[in-house]
Amino acid sequence: MHADDIETVGDATVVDVPTLMFSRLNPLEALRKHWGFSAFRAHQGEAVEAALSAQDCLVVLPTGGGKSVCYQVPAVCGNGLVLVVSPLIALMDDQVASATEAGLRAAALHNNIPEDERRLTRSRLLRRELQLLYVSPERLVAGDLLGMLREQLRLVAVDEAHCVSHWGHDFRPEYRQLAPIFDQFANVPRMGLTATATPQVQDDICAQLGLRRPLRLVGHIDRANLVYRCWPRQNLTSQVLDVVNRHPRDGGIVYAQTRSQVERLAASLVAAGVHAAAYHAGLDASVRQKVQRDFVNERLAVVVATIAFGMGIDRSNVRYVVHANAPKSIEHYQQESGRAGRDGDPAECVLIFSGADLSTHRALAHKDGALTPERARVLDRHLRDVGRFAVAPVCRHRLLTEHFGQAYAAERGGCGACDVCLGETKELPSEEALVIAQKIISAVWRTGSRYGAGHVVDVLMGRATEKIVRAGHASLSVHGLLKDAGEAALRSWTDQLVVQGLLHITDEGEYPLLMLTDAGRALCKGVGHVRLVQAASAGAKAGRSTRKGGVPAIAAADDADNDLFQRLRALRKLFAEKHHVPPYIVFHDAALHALAAAKPASAAAMLEVAGVGERKVARYGRAFLAVIAGVDPEAALAAGGGEA
Ligand code: ADP
Ligand code: ZN
């Protein structure tokens with residue numbers, strides 16, 4: 001945030017403004033005026049009402065569900081201060097920038113803020129000028145702020161509230177010290193916000209934050225704007241490129257399991273002309289910071305990273321997340337893939353899977369030290385669930401939703417937003433699946449359960465590798481038995497059999513070996529059942545065909561609109577650089593798409609566009625209207641930018 005921003009904000013020159021003098025809007029007016037949205041999303045309106053009528057509440061909404069509106073609208077409508085406890089400093093600064101852009105008097109206090117800025121914030125706080133104050137839990141627990149908050153505090157909001165729970169995934173001890181502090185403000189309502197859907201965590205949040213008979217607002221966990229795809233790994237680089245090329249110029253994250261995989265994949269993408277960089281914990285802090293900054297500021301399109309990348313990244317217009325390997329658990333997948341499409345616009349999540357990934361995870365976990373039997377069981381369950389998700393011929397949205405204990409009611413014909421429902425991945429007829437499974441299992445049996453998946457596939461493909469010749473496997477009846485299916489399908493089916501418990505991969509010894517299981521033996525005798533899937537058309541083509549089909553919004557824009565969108569985007573970037581904020585803080589992608597489609601010719605018409613509030617029109621209107629009228633972005637910016 002900058003001094004000149006602060007000068008223009010609100011009544012900064014008026015000292016000691018009585019809080020009641022601030023205009024009191026009703027919630028919907030506030031939403032329209034400041035954010036340019038015409039209606040609340042699910043549960044937002046109720047959360048705002050609860051806050052304004054001094055009732056505690058717990059808000060559970062998925063990433064991108066619009067949690068910040070729940071406490072920011074009360075900051076505009078209520079007379080007084082909304083205090084927001086937030087665990088991640090990077091996100092906090094982003095939230096302040098974005099609230100300030102929407103015309104709120106907002107600031108943050110945490111230990112990374114320079115002293116002079118902190119002093120300014122304190123004096124604004126003393127003058128009761130602020131509507132919204134973000135603090136780190138440490139800052140609040142330190143106690144020195146409490147006196148200043150007295151009498152002006154109207155709501156405390158705890159973001160990422162699952163951090164208070166041992167059951168959650170990011171436990172933060174300081175969160176446990178919040179309730180006693182809140183108790184000093186007995187009449188102030190509390191709002192906990194999280195995306196974590198498990199009931200156990202929710203109960204814990206209510207208890208640990210001392211929420212008093214809270215209204216529970218639990219939204220649907222499904223991220224309807226995400227398209228999920230799971231592909232068997234064949235040619236990794238070309239599969240990743242397939243996704244990247246579907247989103248030219250857009251931001252994307254590619255996760256790989258190890259540092260060396262990250263390096264290799266990043267190099268291949270760069271060699272293919274993609275604007276990509278590597279990110280992992282082995283790189284210098286300065287290199288990592290640069291990658292992160294460039295990505296957030298849209299100077300870099302693609303980050304290839306280990307899962308060290310992502311915490312604290314609030315770029316809301318990440319259009320795709322690719323996993324080059326299986327994630328550790330469905331919870332991890334939900335979180336990592338969830339970094340796509342936080343702005344609610346369509347985005348794509350692709351999991352490129354091989355059964356070997358699960359063995360690698362297991363091996364890594366064991367390398368870190370002996371696992372207790374309990375932890376080993378949990379690990380097994382997590383990996384089994386990931387494997388199922390990756391290969392089961394079931395709607396991915398449904399699987400994810402049900403994993404988190406909610407029911408999924410798809411439209412007839414499926415979700416329209418996953419490879420299964422889009423018909424890119426098809427289930428084989430059950431008799432065909434049974435015969436194929438029996439052939440693969442018997443190849444494992446005939447070769448003595450002493451080889452890895454690669455060798456078994458070679459045998460079924462009828463190859464004459466050195467190993468096959470040496471072992472005499474060319475004379476087996478299973479040699480060449482499934483060669484028409486192709487290697488990719490054979491590898492994927494083998495994984496699918498493992499996930500279904502019909503084959504087993506040992507982790508002991510130097511190489512993972514494919515072994516028989518009782519269920520697999522039974523299947524060969526015709527007992528039990530098996531489901532197998534196959535890409536309807538060879539993986540790469542599948543994605544492209546769906547752009548016309550199920551996936552909404554971006555695909556619908558015609559080329560002229562897209563050209564305008566790109567020019568509006570260029571202007572947005574110029575403003576972002578000028579104001580030192582990330583581009584998505586100036587306007588969300590959705591707002592730019594809406595502007596490109598509506599092509600408003602006046603400030604009044606611009607205000608009608610979703611996602612465009614009064615302050616944005618005042619600050620950027622003239623320049624954006626100029627670009628819509630055909631002026632070059634650089635010229636539009638130079639012409640004064642339209643800042644009021
Ligand atoms: P969360 O914190 O739950 O991940 P955010 O508060 O960042 O979500 O909001 C996600 C996106 O949804 C933002 O782009 C925001 O502008 C948009 N949004 C929030 N509320 C609404 C609404 N009522 N109408 C339209 N868009 C909204
Ligand atoms: Zn589906």
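Which strands and which helix do the buried residues of helix 13 pack against? Let us work through that and a few neighbouring puzzles together, keeping in mind that this is a predicted model.

**Exercise 1. Describe helix 13, its buried residues and their partners.**

*Solution.* Start with the extent of the helix. Helix 13 covers residues 285-296, which makes twelve residues. From its first C-alpha to its last it reaches 16 Å, close to the 16 Å expected at 1.5 Å a residue.

Next, pick out the buried positions: they are Val291, Asp294, Phe295 and Val296.

Now look for what lies against them. The buried residues pack against four stretches of strand, namely strand 9 (251-255), strand 10 (276-279), strand 11 (302-305) and strand 12 (318-323), and also against helix 25 (583-586).

**Exercise 2. Follow the chain out of helix 13 and decide whether Asn297 is buried or exposed.**

*Solution.* First place the residue: Asn297 sits in the loop between helix 13 and strand 11.

Then compare its accessibility with the cut-off. Buried means under 20% relative accessible area. Asn297 has 18%, so Asn297 counts as buried.

Who covers this residue from elsewhere in the chain? Leaving out residues up to four places away in sequence, Asn297 touches Lys573, Val581, Pro582 and Pro583.

One more backbone detail belongs here: Glu298, which follows helix 13, has a positive phi near 60°.

**Exercise 3. Work out how helix 19 and helix 21 are arranged.**

*Solution.* Two packed helices are described by the angle between their axes and the distance between the axes. For helix 19 (residues 453-460) and helix 21 (residues 487-499), the angle is about 130° and the axes are 10 Å apart.

To name the arrangement, note that angles over 145 degrees count as roughly antiparallel and those from 65 to 115 as roughly perpendicular. The angle here fits neither class, and therefore helix 19 and helix 21 are oblique to each other. Their crossing is right-handed.

Finally, list the residues that meet. Helix 19 brings Ala453, Gly454, Val457 and Leu460, while helix 21 brings Glu487, Leu490, Arg491 and Thr494. The residues of this contact divide into four nonpolar, two polar and two charged.

**Exercise 4. Find which residues Val141 contacts, and classify its exposure.**

*Solution.* Val141 belongs to helix 7 (residues 137-141). With 27% relative accessibility, Val141 counts as partly exposed.

Setting aside neighbours within four places in sequence, the contacts of Val141 are Glu174, Gln177, Leu178 and Ile181. Take Glu174 as a check: Glu174 is 33 residues from Val141 along the chain, and their C-alpha atoms are separated by 7.3 Å.

**Exercise 5. Describe helix 5 and find the residue just after it that has a positive phi.**

*Solution.* Helix 5 (residues 89-101) has 13 residues and spans 18 Å between its first and last C-alpha, close to the 18 Å expected. Its buried residues include Leu91, Met92, Val96 and Ala97. Just after the helix comes Gly103, with a positive phi of about 90°.

**Exercise 6. Where do His43 and Lys599 lie, and what is phi in each?**

*Solution.* His43 is in the loop between helix 2 (27-35) and helix 3 (44-52). Its phi is near 75°, a positive value in a residue other than glycine.

Lys599 lies in the loop between helix 26 (589-598) and helix 27 (603-607). Lys599 is not a glycine either, yet its phi is positive, about 45°. At 41% relative accessible area, Lys599 is partly exposed.

Terms used
Residues are numbered from 1 along each chain as its sequence is written. Chains are lettered from A and ligands numbered from 1 in the order in which they are written. This is a predicted model: local features need pLDDT of at least 70, side-chain atom pairs count only at pLDDT 80 or more; totals for chains, interfaces and linings use all residues. Side-chain values use heavy atoms; hydrogens and water are left out. Axes are lines fitted to C-alpha atoms, for helices over the stretch in contact, and angles run from 0 to 180 degrees between N-to-C directions. Helices (H or I, at least four residues) and strands (E, at least two) are DSSP runs, numbered from the N terminus. Angles under 35 degrees count as roughly parallel, over 145 as roughly antiparallel, 65 to 115 as roughly perpendicular and the rest as oblique. A crossing is left-handed if the near helix is turned anticlockwise from the far one by less than a right angle, and right-handed if clockwise. Contact means heavy atoms within 4.5 Å. Ala, Val, Leu, Ile, Met, Phe, Trp, Tyr, Cys and Pro count as nonpolar, Asp, Glu, Lys and Arg as charged, and the others, Gly among them, as polar. The expected span of a helix is 1.5 Å times one less than its number of residues. Buried means under 20% relative accessible area, exposed over 50%, partly exposed in between (1.4 Å probe, protein chains only).
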